[in-house]
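Me: I would like to go through the arrangement of this protein by question and answer. Please reason briefly before each conclusion.

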2 protein chains.
Amino acid sequence: MKSIDIDFLLKAFPFWKSLKQSDSQQLIENIQMFTYKKGDRIQNGADNCTGVMAIKKGQLRIYIMSDEGREITLYRLLDGDVCILSASCILKNISFDMYIDAETDTELYIIKAAAYSALSKKYIEVEAFISETVAARFSDAMWVMEQILFMKLDKRLAIFLLEEANLEGSDTLSITHEQIANHIGSAREAVTRMLKYFQKEGIISTSRRGIDILNRKKLNVIAN
Amino acid sequence: MKSIDIDFLLKAFPFWKSLKQSDSQQLIENIQMFTYKKGDRIQNGADNCTGVMAIKKGQLRIYIMSDEGREITLYRLLDGDVCILSASCILKNISFDMYIDAETDTELYIIKAAAYSALSKKYIEVEAFISETVAARFSDAMWVMEQILFMKLDKRLAIFLLEEANLEGSDTLSITHEQIANHIGSAREAVTRMLKYFQKEGIISTSRRGIDILNRKKLNVIAN
């Protein structure tokens with residue numbers, strides 16, 4: 001018998017408690033734990049049948065990519081989050097390609113797409129979980145779109161640096177200007193220019209290692 | 001008894017045929033036909049409980065707006081299309097504000113949000129219709145995002161002019177540069193500059209009335 005963390009799965013998938021014993025057993029047989037190293041590509045654009053993921057521990061970045069390789073981060077998923085667009089083969093009407101990378105060493109459970117799909121046809125709770133999760137990711141993506149298209153670069157950059165510091169638990173960020181540009185959907189040159197401005201204002205300092213946040217207070221003012 | 005077009009509704013809402021007689025009757029009691037004039041605002045940002053719409057005849061534009069009034073068109077809905085984000089009060093996790101305008105004189109049915117919600121808790125087909133529709137609009141919005149962020153302005157503008165000509169059924173478009181800029185999420189100045197370039201190339205001509213497409217072939221080359 002496989003060792004899986006039922007307590008975790010019950011929390012990640014609130015519909016689980018509605019399943020009959022036999023369906024619950026069936027689901028367990030179609031769940032597997034995977035581990036990824038920091039930097040691993042988990043899903044590659046058009047491969048869209050990885051399955052429904054629940055992140056036990058780690059951090060995923062979900063993004064889109066242009067033909068020329070420009071990236072835009074749509075959202076990140078952390079401990080306890082569920083990724084359903086990694087099973088978009090079972091979703092009607094999802095027609096865009098997504099990439100998923102592990103940003104830290106990550107352990108996650110994957111439910112096979114076909115097994116999830118079968119349950120969604122039987123339980124209204126499973127189907128409702130799909131629409132709730134898709135709606136949540138839709139909102140995340142729209143937030144990013146509003147940020148990129150409506151918000152000035154200084155504000156976007158300040159918000160990004162503060163979020164990044166929270167995620168890393170440190171005010172020293174080992175990240176390149178190129179990576180920041182990809183995250184916030186801007187040009188590298190524009191990011192470099194704005195970082196130089198932040199540096200002149202004493203808000204950050206930049207070095208080859210990355211970026212140090214020196215004045216959180218000023219950064220917060222720009223972000224809000 | 002209200003006169004409603006059941007054949008139309010059966011087609012717009014494929015779950016209808018799964019409803020019990022009493023639920024179908026209940027639904028009919030909660031449907032109303034509305035008519036809007038060209039240019040009417042149907043939904044205003046945070047008012048998100050208009051109800052589930054099915055467009056009998058007409059054209060709606062769904063868009064987001066920045067604090068400064070900049071607009072970006074997410075998608076349009078035409079005859080037979082259903083709008084579910086106009087009932088986002090009954091959807092979990094939809095957290096962005098949308099605007100809906102009638103672009104032509106429009107007749108549409110609206111199902112009251114509470115009535116739809118009650119059905120979605122009872123019928124898996126109704127819940128599945130929510131996730132399919134939300135997923136379709138999510139894909140539409142991502143397509144727009146990719147267009148705006150990844151695609152060059154000449155291509156975006158060419159695609160927009162061709163789509164607009166198809167919608168209007170005419171190569172003469174009565175539309176301002178400002179309106180085009182809002183549609184494609186670009187700056188007015190950039191649109192004007194590109195239109196001048198198209199004009200110099202003999203692709204279009206511009207006048208106070210709007211834009212005439214002169215060379216569809218060239219426009220198609222730029223669009224593809």
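The exchange below concerns a predicted model.

Me: What turn lays chain B on chain A, and what kind of axis is that?
Reply: Chain B superposes on chain A with an RMSD of 0.1 Å. The operation combines a turn of 180° with a shift of 0.0 Å along the axis. The relation is therefore that of a two-fold axis.

Me: Which residue of chain B comes closest to the rotation axis?
Reply: The distance to the axis is taken at the C-alpha. At 2.1 Å, the residue of chain B that comes closest is B:Ser131.

Me: Why can it be said that the copies meet through the same surface, and what percentage supports this?
Reply: The interface residues of chain B are compared with those of chain A. The copies meet through the same surface because the share of chain B interface residues that are also interface residues in chain A is 100%.

Me: At what angle do helices α3 and α4 of chain A pack?
Reply: Two packed helices are described by the angle between their axes and the distance between the axes. Helix α3 of chain A spans residues 113-120 and helix α4 of chain A spans residues 124-150, with their axes 7 Å apart. From α3(A) the contact draws on A:Tyr116, A:Leu119 and A:Ser120, and from α4(A) on A:Val126, A:Glu127, A:Phe129 and A:Ile130; by class these are five nonpolar, one polar and one charged residues. The packing angle is about 115°.

Me: Which strands stand at the edges of the open three-stranded sheet of chain A?
Reply: In chain A the order is β9-β11-β10, with antiparallel pairing. β9 (172-173) and β10 (204-207) each have a single partner strand, so one side of each is left without a neighbour in the sheet. The edge strands of chain A are thus β9 and β10.

Me: Which residue of β11(A) is the bridge partner of A:Thr172?
Reply: β9(A) pairs with strand β11 (residues 210-213) of chain A in the antiparallel sense, over two bridges. The bridge partner of A:Thr172 in β11(A) is A:Asp212.

Me: Which helix of chain A lies across β10 and β11?
Reply: This helix of chain A covers residues 188-200 and runs at about 125° to β10(A). The helix is α7.

Me: How much space lies in the largest cavity?
Reply: The count is one cavity of 30 Å³ or more. Its lining includes A:Gln43, A:Leu85, A:Phe96 and A:Asp97, and by class the lining has four nonpolar, four polar and one charged residues. The space in the largest cavity is about 40 Å³.

Technical notes. Residues are numbered from 1 along each chain as its sequence is written. Chains are lettered from A and ligands numbered from 1 in the order in which they are written. This is a predicted model: local features need pLDDT of at least 70, side-chain atom pairs count only at pLDDT 80 or more; totals for chains, interfaces and linings use all residues. Side-chain values use heavy atoms; hydrogens and water are left out. On a 1 Å grid over the protein atoms alone, a cavity is a set of points where a 1.4 Å probe fits but cannot get out, and a pocket is an open set with protein on both sides within 12 Å along at least five of seven lines; lining residues have an atom within 4 Å of a point. Grid points are joined across faces, edges and corners, and a volume is the space filled by probe spheres set on the points. Ala, Val, Leu, Ile, Met, Phe, Trp, Tyr, Cys and Pro count as nonpolar, Asp, Glu, Lys and Arg as charged, and the others, Gly among them, as polar. Axes are lines fitted to C-alpha atoms, for helices over the stretch in contact, and angles run from 0 to 180 degrees between N-to-C directions. Helices (H or I, at least four residues) and strands (E, at least two) are DSSP runs, numbered from the N terminus. Contact means heavy atoms within 4.5 Å. Copies are superposed by least squares on the C-alpha atoms of residues with pLDDT of at least 70 in both. Two strands pair if DSSP finds at least two bridges between them.
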